[in-house]
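Trainee: I should like a close look at a single part of this structure, set in the context of the whole chain. Would you please take me through one helix in detail and then through its surroundings?

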Amino acid sequence: MLTLAGIIVFLYAVSSILGLWLSSQVTKVLEGEGEIPEALAETPQHHLDLMANYSMGWRAAAWRTSIAALVTSLVALAFSSSLAFWALGVALAIDCVLFMTCRDIGYILYKTTSMERLVDAAQCVALLASFTLFFWLTLKGALA
């Protein structure tokens, strides 16, 4: 089960890193520094708005900190350290703050499809299950 939790955290870290890169591309386009990359050509506007929101100001620094915490969690997990639990907790807390402070979040949520919401819900459940497993293993002393 610990391996599965590690895989979930790894996939989330990769997803966050790719999202950060994509949001930097969106920001460049919005600042007039280039054209929309082919990967983003058919992306709905509300996704672009969300990416732009995450890539500007203090949110960009917070997002990078969250990614660093995810990577720290993975490294700590490789060494069976309880830091895996704490680092994942920090990453998830930062992600929650970023989501809750997003501009126009009501509009963005209104524009998402039911499939997008289902995928987001599954991701949240998987991450919370991983976090809960890390917590349980930390309490048992398996992650010392």
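Mentor: Let us take helix α6, residues 114-140, in this predicted model. With 27 residues at 1.5 Å a residue, α6 should span 39 Å, and its end C-alpha atoms are indeed 39 Å apart, so the expected and computed lengths agree. Just beyond α6, Gly-141 adopts a positive phi of about 90 degrees.

The inward side of the helix comes next. Leu-127, Ser-130, Leu-133, Phe-134 and Leu-137 are the buried residues of α6. A general point of geometry helps in reading that list: an α-helix has 3.6 residues a turn, so residues three or four places apart point the same way. The cover over the buried residues of α6 includes α1 (2-30), α3 (58-78) and α4 (83-100).

Ser-130 deserves separate attention within α6. Its relative accessibility is 2%, and because buried means under 20%, Ser-130 counts as buried. Leaving out residues up to four places away in sequence, Ser-130 touches Ala-5, Ile-8, Val-9 and Leu-88.

The aromatic residues give a further view of α6. Across the whole structure, a search finds 4 aromatic pairs. In one of them, the rings of Phe-85 and Trp-86 have centres 4.7 Å apart and planes at 65 degrees, so this pair is edge-to-face. The two partners differ in exposure: Phe-85 is buried, with a relative accessible area of 7%, whereas Trp-86 counts as exposed at 54%. Phe-85 also forms a stacked pair with Phe-131, with 4.9 Å from centre to centre and 25 degrees between the planes. Since Phe-85 lies in helix α4 and Phe-131 in helix α6, this stacked pair ties together parts that are 46 residues apart in sequence. Phe-131 itself is partly exposed, with a relative accessible area of 24%. Ring pairs join Phe-85, Trp-86, Phe-131 and Phe-135 into a cluster.

Helix α1, part of the cover of α6, also contributes to the surface. Leu-4, Ile-7, Phe-10, Leu-11, Val-14 and Leu-18 make a nonpolar surface patch of about 560 Å². Phe-10, one of these residues, lies in helix α1 and is partly exposed, with a relative accessible area of 44%.

Helix α2 (residues 45-54) also has α6 among its surroundings. In α2, the buried residues are His-46, Leu-48, Met-51, Ala-52, Asn-53 and Tyr-54. What covers them includes α1, α3, α4, α5 and α6. Asp-49, also in α2, counts as partly exposed at 30% relative accessibility. Apart from neighbours within four places in sequence, Asp-49 is in contact with Tyr-107 and Ile-108. The C-alpha atoms of Asp-49 and Lys-111 are 11 Å apart, although 62 residues separate them along the chain.

Two loops merit a remark on backbone geometry. In the loop between α3 and α4, Ser-80 has a positive phi of about 55 degrees although it is not a glycine. Ser-80 is partly exposed, with a relative accessible area of 36%. In the loop between α4 and α5 (105-111), Asp-104 likewise takes a positive phi of about 55 degrees without being a glycine. At 58% relative accessibility, Asp-104 counts as exposed.

Finally, the chain as a whole. The chain has 6 helices and 0 strands, and from the N terminus on its elements run α-α-α-α-α-α. Along its principal axes, the C-alpha trace spans about 50 × 30 × 25 Å. Of the 144 residues in the chain, 36% are buried. Among contacts between residues at least 6 apart in sequence, 73% join residues at least 24 apart; the stacked pair of Phe-85 and Phe-131 links parts 46 residues apart. The chain exposes about 8,600 Å², of which carbon and sulfur atoms supply 70%.

Methods. Residues numbered from 1 in each chain as written. Predicted model: local features only at pLDDT ≥ 70, side-chain atom pairs only at ≥ 80, totals over all residues. Heavy atoms only, no water. Helix = DSSP H or I, 4+ residues; strand = E, 2+ residues; numbered from the N terminus. Expected span 1.5 Å × (residues − 1). Buried < 20%, exposed > 50% of the residue type's maximum accessible area, 1.4 Å probe, protein only. Contact = heavy atoms within 4.5 Å. Patch = residues over 30% accessible without salt bridge, like charges linked within 9 Å, V, L, I, M, F, W, Y side chains within 5 Å. Areas by Shrake-Rupley, 256 points an atom, 1.4 Å probe, with all protein chains shown as cover. Salt bridge = Lys/Arg side-chain N within 4 Å of Asp/Glu carboxyl O. Phe/Tyr/Trp six-rings, centres within 6.5 Å; stacked < 30°, edge-to-face > 60°.
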